[in-house]
Amino acid sequence: MRFEVNDNCIGCGLCASLCPTVFHLTEEGVAEAISEDITGEHEPEAVNAMEGCPVAAIEER
């Protein structure tokens with residue numbers, strides 16, 4: 001499972017706080033997801049971050 005942050009991101013940081021292994025804020029102040037496949041214990045955390053995004057900026061690829 002992989003995730004991508006789209007242009008809807010407002011940089012609230014919720015995803016990075018819920019799943020810092022997968023998401024982080026860039027210098028531009030928006031979120032970015034790692035490019036590797038997410039498996040195991042981090043997958044539920046990443047899905048929770050995606051579902052919790054207030055502007056639906058995280059997509060599963």
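This text describes the nonpolar core and the salt bridges of a predicted model. Residues are numbered from 1 along each chain as its sequence is written, and side-chain values use heavy atoms, with hydrogens and water left out. Because the model is predicted, local features need pLDDT of at least 70 and side-chain atom pairs count only at pLDDT 80 or more, whereas totals for chains, interfaces and linings use all residues.

The largest nonpolar core (buried Ala, Val, Leu, Ile, Met, Phe, Trp, Tyr and Cys residues joined through side-chain atoms within 4.5 Å; buried means under 20% relative accessible area, exposed over 50%, partly exposed in between, with a 1.4 Å probe and protein chains only) has 16 residues. Those with the most contacts inside this core are Phe 3, Val 5, Val 22, Phe 23, Ala 46 and Ile 58. Helix H2 gives the most, with three residues, and E1, E3 and H2 each supply at least two. Helices (H or I, at least four residues) and strands (E, at least two) are DSSP runs, numbered from the N terminus. Neighbours within four places in sequence aside, Ala 46 is in contact (heavy atoms within 4.5 Å) with Phe 3, Cys 19, Val 22, Phe 23 and Ile 38.

The whole structure holds two salt bridges, each a side-chain nitrogen of Lys or Arg within 4 Å of a carboxyl oxygen of Asp or Glu. One joins Arg 2 and Asp 37 at 2.7 Å, N to O. This pair links distant parts of the chain, 35 residues apart: Arg 2 lies before strand E1 (3–5), and Asp 37 in the loop between strand E3 (31–33) and helix H2 (42–52). Arg 2 is partly exposed at 33% relative accessibility, as is Asp 37 at 46%.

The other joins Arg 61 and Glu 4 at 3.8 Å, N to O. Arg 61, in the segment after strand E4 (58–60), and Glu 4, in strand E1, are 57 residues apart. Glu 4 is partly exposed, at 35% relative accessibility.
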